[in-house]
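Please open the model in a viewer and display the chain as a cartoon, with side chains available for selection. The tour below proceeds from one selection to the next.

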Amino acid sequence: MAALAVANPFWSADHGIATWFHERLTPVFVSVLGAFTEFGSAEWIGVILFALVLFFAWKRWWPSLVTLVVAVPGGMLLNEWLKLIVHRHRPFVDGPFVDWSGYSFASGHTIGATLLYGQLLLFILPALKTRHLRLLSIFSAVFLVLLVGFSRIALGAHFLTDVLAAIIFGIVWLMLCMVLRKPIRRRNLQPEIIIPLASPGEALLAPVVAETHPGPTLEA
């Protein structure tokens, strides 16, 4: 993977796109792109996660809370580990609008947006009853992810392949979290409880479907 990212087969397209945007950056354009990129910033994601964790804890939706924490911060931490392994440098480190630190592959802002908005989409989709609302939710999540990815490329913070890799890694990680959540949900559906019989000294061990509130329904 490191060899693929460093000896990039898409080097020409990567550098051509990065250079095209870099030559056209203006203070106004940078300000607009900076507003777009905030939707994938660690600060913004942290605020949203904090609010969701408090809400899920208040509702006692523990499986959903665990899924959220593993999917979003967990995936972002893995991406930081990937950056250290690959060691790909940023497209630009000099210029009036360039102030980037760290490594480039894969885009942290983009994978953060993919994980956060993707996981929120998985939480709310089963609760939406109409096709119109489902399509609107899907479009909104995809739009936010692409907007963040575009801003990172245009600002010169990442190559196109950095952004595409972040989106792919984010989707794969969300799918893995969905698969791993299935056994947890099944174990919580039918707990067994002891029901005393009328006759003294006898009891019946019977499966009873208890009404639990694990959180928003997630078809995983």
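A residue is called buried when its relative accessible area is under 20%, exposed when that area is over 50%, and partly exposed in between. The model is predicted, and every value below is computed from it.

**Whole chain.** Begin with the cartoon as a whole. The chain contains eight helices and two strands, and their order from the N terminus is α-α-α-α-α-α-α-α-β-β. Of its 220 residues, 37% count as buried. Its accessible surface comes to about 13000 Å², with 72% of that belonging to carbon and sulfur atoms. Among contacts with a separation of 6 or more, 72% join residues 24 or more positions apart.

**Arg88 and Asp162.** Next, select Arg88 and Asp162, one of the two salt bridges that the structure holds. The closest N and O atoms of this pair are 2.4 Å apart. Because Arg88 sits in the loop between α5 and α6 while Asp162 belongs to helix α8, the pair ties together parts that are 74 residues apart in sequence. Are the two partners buried or exposed? Arg88 has 7% relative accessibility and therefore counts as buried; Asp162, at 0%, is buried as well.

**Phe159.** Keep Arg88 displayed and add Phe159, a residue of the loop between α7 and α8. Phe159 is buried, its relative accessible area being 6%. Leaving out residues up to four places away in sequence, Phe159 touches Arg88, and also Asp14, His15, Ala18, His89, Arg90, Pro91, Ser104 and Ile153. To follow one of these contacts, centre on Pro91: its C-alpha atom is 6.4 Å from that of Phe159, although their positions lie 68 residues apart along the chain.

**Glu23 and Arg24.** Now move to Glu23 and Arg24, which form a salt bridge whose closest N and O atoms are 3.8 Å apart. Here Glu23 is exposed, with a relative accessible area of 59%, whereas Arg24 is partly exposed at 41%.

**The nonpolar core.** Hide the salt bridges and turn to the interior. In soluble globular proteins, nonpolar side chains tend to be buried together. The largest nonpolar core in this model has 36 residues, and Leu49, Phe56, Leu68, Val72, Leu116 and Tyr117 are those with the most contacts inside it. Two or more residues each come from α3 (27-37), α4 (42-59), α5 (62-86), α6 (108-124), α7 and α8 (160-187). Which helix gives the largest share? That helix is α6, with seven residues. Centre on Leu116 to see Ile45, Ile48, Leu49 and Val72, its contacts once neighbours within four places in sequence are set aside.

**Helix α7.** Finally, select residues 131-154, which make up helix α7. The helix has 24 residues and spans 34 Å from first to last C-alpha, close to the 34 Å expected at 1.5 Å a residue. Its buried residues are Ser137, Ala141, Val145, Leu147, Val148, Gly149, Ser151, Arg152, Ile153 and Ala154. Then colour Leu135, Ile138, Val142 and Leu146, which make a nonpolar surface patch of about 330 Å². The spacing within this set can be read from helix geometry: an α-helix has 3.6 residues a turn, so residues three or four places apart point the same way. Within the patch, Ile138 is partly exposed, with a relative accessible area of 34%. End the tour just beyond the helix at Gly156, which follows α7 and has a positive phi, near 85°.

Notes: Residues are numbered from 1 along each chain as its sequence is written. This is a predicted model: local features need pLDDT of at least 70, side-chain atom pairs count only at pLDDT 80 or more; totals for chains, interfaces and linings use all residues. Side-chain values use heavy atoms; hydrogens and water are left out. Patches are made of residues with over 30% relative accessible area and no salt bridge: like charges are joined within 9 Å, nonpolar side chains (Val, Leu, Ile, Met, Phe, Trp, Tyr) within 5 Å. Accessible areas come from the Shrake-Rupley method with a 1.4 Å probe; for residues, only the protein chains shown count as cover. A salt bridge is a side-chain nitrogen of Lys or Arg within 4 Å of a carboxyl oxygen of Asp or Glu. Helices (H or I, at least four residues) and strands (E, at least two) are DSSP runs, numbered from the N terminus. Buried means under 20% relative accessible area, exposed over 50%, partly exposed in between (1.4 Å probe, protein chains only). The expected span of a helix is 1.5 Å times one less than its number of residues. A nonpolar core is a set of buried Ala, Val, Leu, Ile, Met, Phe, Trp, Tyr and Cys residues joined through side-chain atoms within 4.5 Å. Contact means heavy atoms within 4.5 Å.
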